[in-house]
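Colleague: Got a minute to go through this model with me? I'd like to know what backs up each label.

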Amino acid sequence: MIQFIDTHCHLDGEEFAEDREQVVARAKEAGVSAIFLPAIDVKSCQTVLDTCRQYPGYCYPMLGLHPEEVRANWQEQLAEIKNIFLSPDSCLLSPVSCLLTPDSSQIIAIGEVGLDFYWSREFEQEQLLAFEEQVHWSVETRLPLMIHCRKAQNELVSILKRYAHDLPGGVFHCFTGNEIEARELLQFDGFVLGIGGVSTFKKSNLPTTLVGGDSTSPTVPLDRIVLETDAPYMAPVPHRGQRNEPAFVIEVLRKLAEAYGVSEEEVARITTDTAKRVFFC
């Protein structure tokens with residue numbers, strides 16, 4: 001059986017409270033070898049850690065403040081999250097360095113962080129400050145960033161450029177942009193694009209954007225991509241409209257294999273190697 005990683009799944013969420021064990025079992029049966037869980041706020045930092053401890057060697061935590069959760073009290077929220085980072089229970093006692101067999105309680109990234117001006121710019125300045133502070137954490141700890149960005153790429157890139165030579169890398173989660181946006185993001189060494197269910201949608205241009213006009217020289221090389229579900233959101237075809245879950249990431253893998261003109265085994269191997277490189281080395 002081919003194996004691959006779901007690099008972004010909110011498995012700790014209430015949506016999985018009733019059948020989390022079965023969801024994990026289905027993921028393993030489908031070939032998912034590991035699941036990475038992002039926090040979005042102070043409360044979810046704890047639920048992410050708790051869930052990862054329930055599935056040692058399989059689920060791995062990322063901690064951060066999601067841009068949509070940024071409010072006037074963002075500094076207090078970040079202070080609380082930083083205390084969780086420094087807690088002995090979180091096991092972040094020293095910077096991560098090429099973990100070949102990481103412990104599930106070892107924090108593997110700063111995330112989910114970023115900028116989101118899709119719905120409102122009410123807390124625009126707070127979002128910018130909160131994101132930059134968490135970029136500082138990434139530089140200090142050498143942990144990669146799991147970045148969320150909607151309607152804010154110019155502002156996001158502007159901040160990242162200030163730290164371009166110091167950043168350890170990361171993922172631009174849920175990428176759905178065009179070729180110009182892809183190239184702009186991939187100018188940052190060590191960063192890759194997170195590709196999920198949108199790639200399978202009938203009207204999506206994402207596969208064409210990634211490959212460009214020639215699969216032998218794609219716009220986005222396959223080794224600059226990782227797989228993700230963003231479960232329980234954004235379920236891929238043929239599960240669109242359902243609750244998403246990690247097992248469904250196989251549909252994203254299949255779509256990428258078709259777009260790049262390679263085998264599913266090759267997509268699994270390359271994206272898994274890339275995920276390990278970004279998060280564990």
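Colleague: Which residues does L193 touch, not counting residues up to four places away in sequence?

Modeller: Bear in mind this is a predicted model. L193 touches V171, F172, F175, A182, L185, L186, L210, V220, R224, I225 and V226. A contact takes heavy atoms within 4.5 Å.

Colleague: What makes L193 stand out in the largest nonpolar core?

Modeller: That core has 74 residues, and L160 and L193 touch the most other members. Helix α8, residues 249-260, gives the most to this core, with seven residues. Apart from it lies another core of 15 residues, including I5, A34, Y60 and F279.

Colleague: Why is a group like that called a nonpolar core?

Modeller: Because its members are buried residues of types such as Leu, Val and Phe, joined through side-chain atoms within 4.5 Å. Nonpolar side chains tend to be buried together in soluble globular proteins.

Colleague: How do you know what radius of gyration a compact globule would have with 281 residues, and what does the protein have?

Modeller: The rule is 2.2 Å times the number of residues to the power 0.38. For 281 residues that puts a compact globule near 19 Å; the protein has 17 Å, so the value agrees. The C-alpha atoms fill a box of roughly 50 × 40 × 35 Å along the principal axes.

Colleague: What share of the residues count as buried?

Modeller: Buried means under 20% relative accessible area, and 57% of the 281 residues count as that. The protein exposes about 12,500 Å², with carbon and sulfur atoms supplying 49% of it.

Notes. Residues numbered from 1 in each chain as written. Predicted model: local features only at pLDDT ≥ 70, side-chain atom pairs only at ≥ 80, totals over all residues. Heavy atoms only, no water. Buried < 20%, exposed > 50% of the residue type's maximum accessible area, 1.4 Å probe, protein only. Areas by Shrake-Rupley, 256 points an atom, 1.4 Å probe, with all protein chains shown as cover. Helix = DSSP H or I, 4+ residues; strand = E, 2+ residues; numbered from the N terminus.
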